[in-house]
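Student: Please walk me through this model. I would like short questions and reasoned answers.

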Amino acid sequence: MTMKIKAKLAVLSAIAIVSVSPLAVAEEPAVVKSEAPMAAQETAAAKDAAPAPVVKKVTVEGNTSVKLEKILGKISAKTGEPLSKERVKTDIQSVYAVNDDYPFMDVQAETRDFEGGVELVFKVKERPVVGEIVFKGNDEYSDKTLLEEAKIKEGEVYSSYKAAIAVEKMKQYYIGKGYNLIKIEYKTGAKGNTVNLEFNVTEGAKMHVEKITINGNRAFPEKKIKKEMETEESSFFASGKFSAETLDKDVKKITTLYKEEGYMNAKASSKTTQDEKEGKIYVQLDVEEGGQFTVGDISVEVKNPEIYA
């Protein structure tokens, strides 16, 4: 009996030892796995802690119209200082806005190894600029006068929008001088990064208002209506200058005149005809007066006079 008991105890002891060893083995890899990420983090931290390269030189490439000094004046990165990505981003935006008309369509920055540090290079791509400006067909007004009115000049950034605005400004100048038939067109010619402009002007005859005819007016005489108008017939005392915008305002004034006198449904309209050969404009105003509204007698009945005592 004693020998059997000892044998059982020996077997139990052996099982106990085996059952512990897997736990010990399982714990050891857990320690190794926890150390691996920490080592990787330490390596990444060491890389992040590495000092930024020093800027040894700042240069600009691609500019032809915009002066180098003006571009460099917009760049805050300096030689001898550590390279800063945030500062470079800010500098790119500043270079874009070097002039009010934003002369660059693209700005990029790159670095090159240079003398133990880096060379910081800003690469720009310029927009086309206005080159030579030529006027043809302008007999009444000089090139200088039209150029001043157009508000466009050589060397500034070119766009078709700017050219169209220049045409409109010159046309308004002519119309203001009585040349209502004015026509101006432009064409371009590219040469390298410049765009030459040619404005072709067809002035036409100088126009004036020959006669204003008013139809449909019964409440007010023609003289009173014309007095409300800024548009005038040509005479010794009046130039008779015509403006479509001014005539539109006159129509509104006449409508207001009628409404103020009780003609609440009054309407006025205008149309013009032109004799281009004679330089004459004929204005016709048509009035629809409608009925006049008036205020009748007003009576007040007091039902409780005591409240007024």
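Tutor: Start with a term: contact means heavy atoms within 4.5 Å. This is a predicted model, where local features need pLDDT of at least 70, side-chain atom pairs count only at pLDDT 80 or more, and totals for chains, interfaces and linings use all residues. Residues are numbered from 1 along each chain as its sequence is written, and side-chain values use heavy atoms, with hydrogens and water left out.

Student: Leaving aside neighbours within four places in sequence, which residues is V124 in contact with?

Tutor: V124 is found in strand β3 (residues 117–126). Strands (E, at least two residues) and helices (H or I, at least four) are DSSP runs, numbered from the N terminus. Beyond its neighbours within four places, V124 touches V60, E61, G62, N63, V95, F104, D106 and V107.

Student: How far apart in space are V124 and V107, C-alpha to C-alpha?

Tutor: V124 counts as buried, at 9% relative accessibility. Buried means under 20% relative accessible area, exposed over 50%, and partly exposed in between (1.4 Å probe, protein chains only). In sequence, V124 and V107 are 17 residues apart; in space, C-alpha to C-alpha, the value is 4.5 Å.

Student: Where in the chain is confidence lowest?

Tutor: pLDDT is the predictor's confidence in each residue, from 0 to 100. The chain has a mean of 85, and 80% of its residues reach 70 or more. Over residues 1–36 pLDDT stays under 50, with 0 contacts beyond four places in sequence. Confidence is highest in β6, at 97, and lowest, at a mean of 42, in helix α1 (residues 2–48).

Student: Why read a low-pLDDT stretch with care?

Tutor: Where pLDDT is low, predicted coordinates should not be read in detail. Residues 1–36 stay under 50. The element with the lowest confidence in the chain is helix α1.

Student: Which are the edge strands of the sheet β4-β6-β5?

Tutor: Two strands pair if DSSP finds at least two bridges between them. The 3 strands form an open sheet with mixed pairing, in the order β4-β6-β5. Each edge strand pairs on one side only: β4 (129–136) and β5 (183–191).

Student: Over how many bridges do β4 and β6 pair?

Tutor: Strand β6 covers residues 194–202. In β6, T194 stands opposite V129. β4 and β6 pair in the parallel sense, over 6 bridges.

Student: At about what angle does helix α5 run to β5?

Tutor: Axes are lines fitted to C-alpha atoms, for helices over the stretch in contact, and angles run from 0 to 180 degrees between N-to-C directions. Helix α5 (residues 160–176) lies across β4, β5 and β6. To β5, helix α5 runs at about 150 degrees.

Student: How many aromatic pairs are there?

Tutor: Rings of Phe, Tyr and Trp (its six-membered ring) pair if their centres lie within 6.5 Å; planes under 30 degrees apart count as stacked, over 60 as edge-to-face and the rest as tilted. By this rule the count is 11.

Student: What is the angle between the planes of Y174 and Y179?

Tutor: Y174 is buried at 0% relative accessible area, and Y179 is buried at 6%. Their rings form an edge-to-face pair, 5.7 Å centre to centre, with the planes at 90 degrees.

Student: Which residues do ring pairs link into a cluster with Y174?

Tutor: Y174 and Y179 form an aromatic pair. Ring pairs link Y174 into a cluster with Y179, Y141 and Y173.
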